[in-house]
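Got your viewer open and a selection box ready? Here is a walk through the fold, one selection at a time.

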Amino acid sequence: MRTDLTTLPNGLRIVSEAMPGLASAAVGLWVTAGGRHERPEQNGIAHFLEHMAFKGTERRSALQIAEEIEDVGGYINAYTSREMTAFYARVLEADVGLAVDVIADIVLNPAFDRKEIEVERHVILQEIGQALDTPDDIIFDWLQEAAYPDQAMGRTILGPAERVQAFGRKDFRTFVAAHYGPERMILSAAGAVDHAALVRLAEEKFGHLAAKPGPHPEPARWQGGERHEIKDLEQVHFAMGFRGPAYRDADAHTAQVYSMALGGGMSSRLFQKLREERGLCYSIYAQAGSYDDTGMITLYAGTSAEEIGDLAMLTMDELKRAAADMSEAEVARAKAQLKAGLLMGLESPSSRAERMARYLAIWGRVPGLEEATAEIDGVTTADVRAFGERLASGAEAALALYGPVAGAPGLEPLRERLGQG
């Protein structure tokens, strides 16, 4: 399939892929502004702003926004991450114009009605409370904070309740004015979509925006550390992170292959050794996450207070063992899983639209599938072992523990088990 890319004079980019045989399309606006673009006193505002986009515009009420999309059988949603905010819809081919119009309206013309701000404030406070009651969600916020303390990269996307309680109309308008310029916007669509028509829609809805480069986010500074939160839960939630590669680092794909082989599925080392052989946990996995200028290899497991010591130490043993004897078969399996996940995801127009927007934000272009799979294929067993050795022997680490953790090992004993002490 061909990827079409057009850049308007003001810097807004339009990217699309037509998928023959589909009757529907996914279309969305990705804005390269998220949690890490907030100043300390703004923490949580990018996410709050995403919510407020659906609470009414100068032309539409909150109900009308929902009804116009759902009346034609579509759906509309949004999300906020540390580096992006996305507003997207899935509609039939004939309704792509409607979807673009609604998305443009909610992003460019939010009303910020004071009554609606108060209603949504309570919704977000409930969301924060729910996150605090979901240990296997909140543990990752605490791990992020331990790895990147006192900086934008380490703060939560939802923000603290005290900040959310204080935001008003001026705060939203200030953030939008600073970060929602056309150079930071990508209109991406896949499925039953015509690129020329999409460009005309973009020119109509966004062409009037003046070019306005936004400020760069605070650089990420990995510091590492640990956080132990004692609470009377059934399980200890264990999350450990190691400093990993950024998107554009040479070993970014190696990190993905390593993490997949270590803990990416039922055949992975951590799953087989700690769950299948030892029965120490129900959930255990590893994953690689990257950002513009940093990354993290994350290990997670849930276990009992009695088993956390054994689980944590044996996990360190598996890290050392992976560096020494990761096999050709394991690496081949991990690469097959990554490629299959990529290709299966691209059968969905929503996934395809998101992929194009993300790659365009990172690389300024959209690599073809052949290039993407070749990058994975190019990772060797020697690369994976060397990456594992660097991680086990000296990578900076962070730790978060939640639950009955009084007897759990801290970061220093775990580093000593790896031979880093």
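We go from the whole chain to its two sheets, and then to some helix pairs.

**Whole chain**

Keep in mind that this is a predicted model. Start with everything shown as a cartoon: the protein chain comes to 16 helices and 11 strands. Show the C-alpha trace and line the view up with its principal axes, along which the trace spans about 60 × 50 × 35 Å. How does the radius of gyration sit against that of a compact globule? The chain has 23 Å, and because a compact globule with 421 residues would have a value near 22 Å, the two agree.

**The six-stranded sheet**

Next, select the strands E1 to E6. They form an open sheet of 6 strands in the order E1-E2-E6-E3-E5-E4, and the pairing is mixed. Which strands lie at the edges? Colour residues 3-7 for E1 and residues 75-80 for E4: these are the edge strands, and each pairs on one side only. If you look across the sheet, neighbouring strands are turned by 15° against each other on average, ignoring direction.

Zoom in on E1 with E2, residues 13-18. This pair is antiparallel and is held over 5 bridges. For one point of register, pick Thr-3, whose bridge partner in E2 is Glu-17.

Now add helix H8, residues 195-206. H8 packs on this sheet and touches E1, E2, E3 (24-31) and E6 (185-191). Compare directions while you are there: that of H8 makes about 155° with that of E2.

If you turn on side chains here, one rule helps with reading the view. In a regular strand, side chains alternate between the two faces of the sheet.

**The five-stranded sheet**

Move on to the strands E7 to E11. Here you get an open sheet of 5 strands, with mixed pairing and the order E7-E11-E8-E10-E9. Highlight E7 (225-230) and E9 (284-290), which stand at the edges; each has a single partner strand, so one side of each has no neighbour in the sheet. Neighbouring strands in this sheet are turned by 10° against each other on average, again with direction ignored.

Take the two edges in turn. At one, E7 pairs with E11 (residues 397-403) in the parallel sense, over 6 bridges. Label Ile-230 and you will find Gly-403 of E11 opposite.

At the other edge, select E9 together with E10, residues 295-303. These two run antiparallel and are joined by 7 bridges. Gly-289 stands opposite Met-296 in E10. Follow the backbone from E9 into E10 and you pass through a hairpin of 4 residues.

**H1 and H7**

Hide the strands and select H1 (residues 45-52) with H7 (residues 169-179). Their axes come within 10 Å and cross at roughly 100°, so H1 and H7 are roughly perpendicular to each other. Show side chains for Ile-45, Ala-46, Phe-48, Leu-49 and Met-52 of H1, then for Asp-171, Phe-172, Phe-175 and Val-176 of H7: these residues make the contact. How does the contact of H1 with H7 divide by class? It has 8 nonpolar residues, no polar ones and 1 charged.

**H10 and H11**

Now pick H10 (residues 269-277) and H11 (residues 308-325), which pack at about 145° with axes 10 Å apart. The crossing of H10 and H11 is right-handed. H10 brings Arg-269, Leu-270, Lys-273 and Leu-274 to the contact, while H11 brings Leu-311, Leu-314, Thr-315, Glu-318, Arg-321, Ala-322 and Asp-325. Colour by class and you should see 5 nonpolar, 1 polar and 5 charged residues.

**H12 and H14**

For the last stop, select H12 (residues 328-345) and H14 (residues 369-377). Their angle is about 160° and their axes are 9 Å apart, which means H12 is roughly antiparallel to H14. The crossing of H12 and H14 is right-handed. On H12, show Lys-335, Leu-338, Lys-339, Leu-342 and Leu-343; on H14, show Leu-369, Ala-372, Thr-373, Ile-376 and Asp-377, and you have the residues that make the contact. By class, the contact of H12 with H14 has 6 nonpolar, 1 polar and 3 charged residues.

Notes. Residues are numbered from 1 along each chain as its sequence is written. This is a predicted model: local features need pLDDT of at least 70, side-chain atom pairs count only at pLDDT 80 or more; totals for chains, interfaces and linings use all residues. Side-chain values use heavy atoms; hydrogens and water are left out. Axes are lines fitted to C-alpha atoms, for helices over the stretch in contact, and angles run from 0 to 180 degrees between N-to-C directions. Angles under 35 degrees count as roughly parallel, over 145 as roughly antiparallel, 65 to 115 as roughly perpendicular and the rest as oblique. A crossing is left-handed if the near helix is turned anticlockwise from the far one by less than a right angle, and right-handed if clockwise. Contact means heavy atoms within 4.5 Å. Ala, Val, Leu, Ile, Met, Phe, Trp, Tyr, Cys and Pro count as nonpolar, Asp, Glu, Lys and Arg as charged, and the others, Gly among them, as polar. Two strands pair if DSSP finds at least two bridges between them. The radius of gyration is taken over C-alpha atoms; the globule rule is 2.2 Å times the number of residues to the power 0.38.
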